[in-house]
Structure formats: structure tokens, C-alpha cells
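User: Hi! I'd like to learn how to read a structure feature by feature. Could you walk me through one?

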Amino acid sequence: MSDAIRRLVSENRDYVVALRRHFHNFPELSTEEVKTQERIMAELAALGLAPVKAAGTGVVAEIKGARPGRTVAVRADMDALPIQDECGQPYQSQNAGVCHACGHDGHMAMLLGLAKVLAPLRDELAGTVRLLFQPNEEMPPGGAVAMIDEGCLDGVAAIIGAHLWQPLPTGQLGLTFGRMMAQPGAFAIVLKGKGGHGSTPHVAVDPILVGAAVVQALHTIVSRSIDPLEPVVVSIGVFQAGRVYNVIPDTARIEGTIRVFDGETLKAVHRRIEQIVRGVCEAHGAAYEFTTSDSCPPLVNDAGIARRVWRAGAAVLGDKGVCEIKPVLGGEDFSCYLQKVPGAFMFVGAGNAAKGLVYPHHHPKFDIDEDALAHGVEILARSAVELLTAEL
Ligand code: NI
């Protein structure tokens, strides 16, 4: 089986690269993956599979083995980002302001590649490999919840997924045996002061000064209020106030993101933010509104399944090709599947400084090393086949 997989991966290399370039050429934003969905359905139908639409613009299909066995799911995300593509390649985005700047084009191509590899091996499979093409990974709360609500995990014993990963060089597979990616949370604070002329600050309540004090104090949460052994980030990305140089505005707006690995810590950070805002506002005679929103839970790999993926990775890339990585504080709604069934998420190295592929995910010049696509296909295919029969 392993030899057949390797041969088919190699035979279908160009197919996978061509698909990846097609998706890169014609990216679509979260929940708008209509043409992307059409193309995926067509490719799967051409393999003799029976794809069905799911979660609006998603697709589910099954490769049913000749013999009975368990069901293993493999997931790829489908959406692009509202970024102007500057990759400078012939496959640069044709859709103005929309770009596959995270590598999801490659994820879809890899999963279609897996279908192309495993479909001809149906007679040798015991069990079912279910393909999940999930729309809308980028926009909270993400498309995974809708996929799950529609039953995509029904009967599934294990799930795997991969992200092409620029920080890792091509030829490396990164894994963890537990915490892998963070739970993101967002917050917004509106500070309400009292506007006035810049020359009469004593009769105004300056929300800019209040905001400055709030920002300073929020940055003490991680250093002074959280267990130093617990990884947490509080970052502020928006601080907006005023329009005219000699006018004290009425309000200021602060927005930020929080990254944690457990829900209790997130609640503790929310509590601290509100305490700080309330205290600072009281000191200055200002009022406030504080709102929060959560998205996906933290992504935690099942150690046993991660070990199976590790073995598949080592078979493809060699023992030195697989490494245990530190968790990252980015979020990923693959975590929603892992709340329901055990599984593992992996990072397939796709950075290559020698080829000038050095730009991070979500950068306008982001691009992947296409040599990584075959690695991804083979590791996912081997892992899926292994998980069909392995003791879980
Ligand atoms: Ni991504």
C-alpha cells in the first residue's frame, strides 16, 4: 500500500500543482467560495466519487474502501483573504483585493491529490476516508461549526488536517502531542469622555488620556495577573480618537486580541480588562462600554494520533524531517472538530529562503514552496490509511 501511495503521489504531482495554481488564480473570500466549490465537486466527480455540498460553500465526499472499517476524516479549508496579491507569479490572483495568502489553495489541492491517490486504491482499503472541504476558516466563528452541525463528523473515529507552514522549511513536518494552537478572543472598549476645546482641558474629560492609561495598564495583565507558566497574549490593534489637532474628542476606541490555551484563562483576562477599564475611567470621570467575542477553542492534538502522523511523516521525509514544535498563538477552527473526535493537526513546511519564499502568512507577497504539496498529499494519505486500521 505504501509503495502504491508513493507512486500515485509522484504521478499526480503536476495535477496537484496545477490545481493549487488554479485556486490561487481565482481566490474567493470566506463564505463566497462558490466557484471553488464547483471545481472541487467536478474534480471529485471525475474520480467516481459522489461529492455533496455542505455548510453553504463546502463539500463532503467519501472514498469507501471495499472492506468495512472505521471512518477517518481529512479536512482542508477553502477561503482566501481580503489582501491584494503581490506574489508576482503567473498564477497571481485575478480577483482584485482577494488573495490566497494563507495557503488554503494548497490545502484544497492536497486534499484533491489525496482523493486522486486513494480513489484507485479503494479495493485495498478497509473503511472510509471522508474528505471535508470546509469554507470560511478565516472569519470567526469559522465554517467548522456549520460543517459539524450538518453531520460531517457522524461516524468519524479520527480526523486529521494540515496547514502548509511558511516558518518551517520545505521537507519538515511540525507536530505537537497536545497544545498546538491558541484560542483567540477579541475585545473592544469605547471610552466616553467629554469633548471640548483644546485650550480648556479643565472643563473636558479627555478620552485620549484615559485611553493612554488604559493601554498602559492592559499590558500589565500578562506580566502581573497571569501565571507566568501559562502562555497568554494581549495585543491592541486599534486605538482611535479625535480628528482635529485642537479639539478634545468625546470618545476613544480600543480593540485588541487575546490568545490563550484554556477558557478559564480567557475569562480571567476578560475580568482583568474590565477591572482596569472601570478603575481608570472612574479615576478620570469617564464612562465606558466593554464587549468581547470568542471564536474557536484551543487546538489540542490527540497524542496517540499525532504519533501515527509522526510515523507517516518520517516515512515520507525521513526521521530528521519530523519535529516537535512549540505551540503557536494563532487560531484555527480545526479545533472545533477536535472537541468532538480525536485527531491531529500538522504543519507541513513550505518555506524556502533559497527560492525567495520568505514572506509570512497573510503577507501580500506570501507564497508557498510547491514542492511541499507532494509531501502534504503523501503524509495525509499515509496517515489516513494508517488510522483506518490502527489501534486508537
Ligand atoms: Ni490558514
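Analyst: Happy to. Let's begin where a helix begins: at the start of α6, a side-chain oxygen of D206 comes to within 2.8 Å of the backbone nitrogen of I208. Keep in mind that this is a predicted model.

User: What span should the twelve residues of helix α6 have, at 1.5 Å a residue?

Analyst: The rule is to multiply 1.5 Å by one less than the number of residues. For α6, residues 207-218, that gives an expected 16 Å, and the end C-alpha atoms are indeed 16 Å apart, so the two agree.

User: Which residues of α6 are buried?

Analyst: First the general idea: an α-helix has 3.6 residues a turn, so residues three or four places apart point the same way. In α6, the buried residues are P207, V210, G211, V214, V215 and L218. They sit on the same side of the helix, because they cover an arc of only 135 degrees around its axis.

User: What do the buried residues of α6 pack against?

Analyst: Their partners include the strands β8 (183-192), β10 (233-241) and β12 (251-260), and also the helices α7 (221-225) and α8 (263-284).

User: Now the metal. Which protein atoms are the donors of the nickel ion?

Analyst: Look for the atoms, then for their places in the chain. The donors are SG of C102, NE2 of H104 and NE2 of H163, at 2.2 to 2.3 Å from the nickel ion. Along the chain they follow the spacing C-x1-H-x58-H. The pair H104 and H163 links distant parts of the chain: H104 is in helix α4 (residues 104-118) and H163 in strand β5 (residues 156-169), 59 residues apart. Both H104 and H163 are buried.

User: How many residues does the largest nonpolar core have?

Analyst: It has 72, and L44, L114, L118, L131, F133 and M346 make the most contacts inside it. Helix α11 (residues 371-389) provides the largest share of this core, eleven residues. For a close-up, take L131: beyond four places in sequence, it touches L44, L49, V59 and L111, among others. There is also a second, separate core of 28 residues, with A144, I148, V156 and V328 among them.

User: One last residue: is G127 buried or exposed?

Analyst: Compare its accessibility with the cut-off: buried means under 20%. G127 has 2% relative accessibility, so it counts as buried. It lies in strand β4 (residues 126-134). The C-alpha atoms of G127 and G69 are 3.6 Å apart, although 58 residues separate them along the chain. Beyond its sequence neighbours within four places, G127 is in contact with residues including I63, R67, G69 and L388.

Definitions and conventions:
Residues numbered from 1 in each chain as written. Predicted model: local features only at pLDDT ≥ 70, side-chain atom pairs only at ≥ 80, totals over all residues. Heavy atoms only, no water. Donors = N, O, S within 2.8 Å, 3.2 Å for Na, K, Ca; no water. Helix = DSSP H or I, 4+ residues; strand = E, 2+ residues; numbered from the N terminus. Buried < 20%, exposed > 50% of the residue type's maximum accessible area, 1.4 Å probe, protein only. Arc of directions from axis to C-beta. Contact = heavy atoms within 4.5 Å. Polar contact = N/O pair within 3.5 Å; in protein donor to acceptor, adjacent residues only side chain to side chain. Core = buried A, V, L, I, M, F, W, Y, C linked by side-chain atoms within 4.5 Å.
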